[in-house]
Amino acid sequence: MWGSWFGGNSAQRRRDAPKKAILDLRQQLDMLQKRERHLENQMANEEKKAKEMVNSNKTAARAALKRKKQHEQTLEQTSNQISMLEQQIYSIESANINQETLAAMKNAGAAMKAIHGKMTMEDVDATMENLREQDELTKEIGNAITSMPISEPVDEDELEADLQALEQENLNERMLKTGNVPVSDSVTNLPAAANGELKGKSKATEELDEEEELRKLQAEMAM
């Protein structure tokens, strides 16, 4: 009841009118197409009869051809009617699509207007400028963080001295394991009496020492 007062039913009928018209036209088109196929069959049958009786009964053959001509005239009218209905259906469908497209565009325009609201180009420009400022601030903060050293720089000279001390210590350990003492340390570490004894060693003892030293060197090379 309320819908009829405010034009709801009439508006709905206006929206449904194109669909109903198209439905009625399609039903009529279907009927005419069936009639067209029936007339084509009738024409084929009459032509077949005329061929069969053309030699035996020319009167019957003539009558069959006459009926075929009548079917041809009716078929031509039916074909014209079919073309007209198809054109009307196409026109109504196009008009209905145009109407629905226009309505959709109006709704889209109203939606965009509601989304934008009181938004102005000044607001957009101010927002973009604020974003650019924040982006620049972020870059400056990142550069400051990455460029500031967290700890004191390492003294390269001191580091090199430590490295050489470790290498010397490692060398001394390897020499001790193989029984060879660096020349710089052997003289200072030997007692005075031992030095005197070394000077008084016989040639045979020196040869044995050399052979022992040679074996140690060979063992070291094998490692």
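## Exercises on a predicted helical model

Leucine 137 lies in helix α4, which covers residues 121-147. The structure shown above is a predicted model, and the exercises below work through it step by step.

**Exercise 1. Decide whether leucine 137 counts as buried, partly exposed or exposed, and find which residues form a nonpolar patch with leucine 137.**

Solution. Begin with the relative accessibility of leucine 137, which is 40%. Buried means under 20% and exposed means over 50%, with partly exposed in between, so leucine 137 counts as partly exposed. Next, look for its partners: Leu137, Ile141 and Ile145 form a nonpolar patch on the surface, and together these residues have about 290 Å² of accessible area.

**Exercise 2. Describe the protein as a whole: how many helices and strands does it have, and what percentage of its residues count as buried?**

Solution. Start with the elements: the protein has eight helices and zero strands, and from the N terminus on the order is therefore written α-α-α-α-α-α-α-α. Then turn to burial, where 12% of the 223 residues count as buried. The protein exposes about 18800 Å², of which carbon and sulfur atoms supply 57%. Finally, consider the contacts between residues at least 6 apart in sequence, among which 71% join residues at least 24 apart.

**Exercise 3. Find which stretches of the model have a pLDDT under 50, and say how their coordinates should be read.**

Solution. First take the average, which is a pLDDT of 80 for the protein, with 74% of the residues scoring at least 70. Then go to residues 1-7, where pLDDT stays under 50 and the model has three contacts beyond four places in sequence. Over residues 183-200 the pLDDT is also below 50, and this stretch has four contacts in the model beyond near neighbours in sequence. Where pLDDT is low, the predicted coordinates should not be read in detail.

**Exercise 4. Work out why aspartate 24 and lysine 20 are separated by about one helical turn, and apply the reasoning to aspartate 30 and lysine 34.**

Solution. Aspartate 24 forms a salt bridge with lysine 20, and the closest N and O atoms are 3.2 Å apart. A salt bridge needs a nitrogen within 4 Å of a carboxyl oxygen, and the value of 3.2 Å meets this cut-off. Because aspartate 24 and lysine 20 are four residues apart in helix α2 (residues 8-53), they are separated by about one helical turn. As for accessibility, aspartate 24 is partly exposed, with a relative accessible area of 36%, whereas lysine 20 is exposed, with a relative accessible area of 54%.

Now take the second pair: the side chains of aspartate 30 and lysine 34 meet in a salt bridge at 3.5 Å, N to O. Aspartate 30 and lysine 34 are four residues apart in helix α2, and therefore they are separated by about one helical turn. Aspartate 30 is partly exposed at a relative accessible area of 35%, and lysine 34 counts as partly exposed at 48%.

**Exercise 5. Find which helices are joined by the salt bridge of arginine 67 and glutamate 46, and decide whether glutamate 46 is buried or exposed.**

Solution. The side chains of arginine 67 and glutamate 46 meet in a salt bridge, 3.0 Å from N to O. Arginine 67 lies in helix α3 (residues 58-116) and glutamate 46 lies in helix α2, so the pair ties together parts that are 21 residues apart in sequence. Arginine 67 counts as partly exposed at 33% relative accessibility, while glutamate 46 is buried, with a relative accessible area of 5%. Glutamate 46 is also one of the residues touched by histidine 71, whose place is in helix α3. Histidine 71 counts as buried at 19% relative accessibility, and beyond residues up to four places away in sequence it touches Leu39, Gln42, Met43 and Glu46. To complete the salt bridges, note that Glu47, Lys51 and Lys68 are linked in a network, and that the count for the model comes to nine.

**Exercise 6. Identify which residues make up the largest nonpolar core, and which helix supplies the largest share.**

Solution. The largest nonpolar core has seven residues in all, namely Ile22, Leu25, Leu29, Leu32, Ile82, Leu85 and Ile89. Helices α2 and α3 each supply at least two residues of this core, and the largest share, four residues, comes from α2. As a last step, follow one member: leucine 85 touches Leu25, Gln28, Leu29 and Leu32, not counting residues up to four places away in sequence.

Methods: Residues numbered from 1 in each chain as written. Heavy atoms only, no water. Buried < 20%, exposed > 50% of the residue type's maximum accessible area, 1.4 Å probe, protein only. Contact = heavy atoms within 4.5 Å. Areas by Shrake-Rupley, 256 points an atom, 1.4 Å probe, with all protein chains shown as cover. pLDDT = per-residue confidence, 0-100. Patch = residues over 30% accessible without salt bridge, like charges linked within 9 Å, V, L, I, M, F, W, Y side chains within 5 Å. Core = buried A, V, L, I, M, F, W, Y, C linked by side-chain atoms within 4.5 Å.
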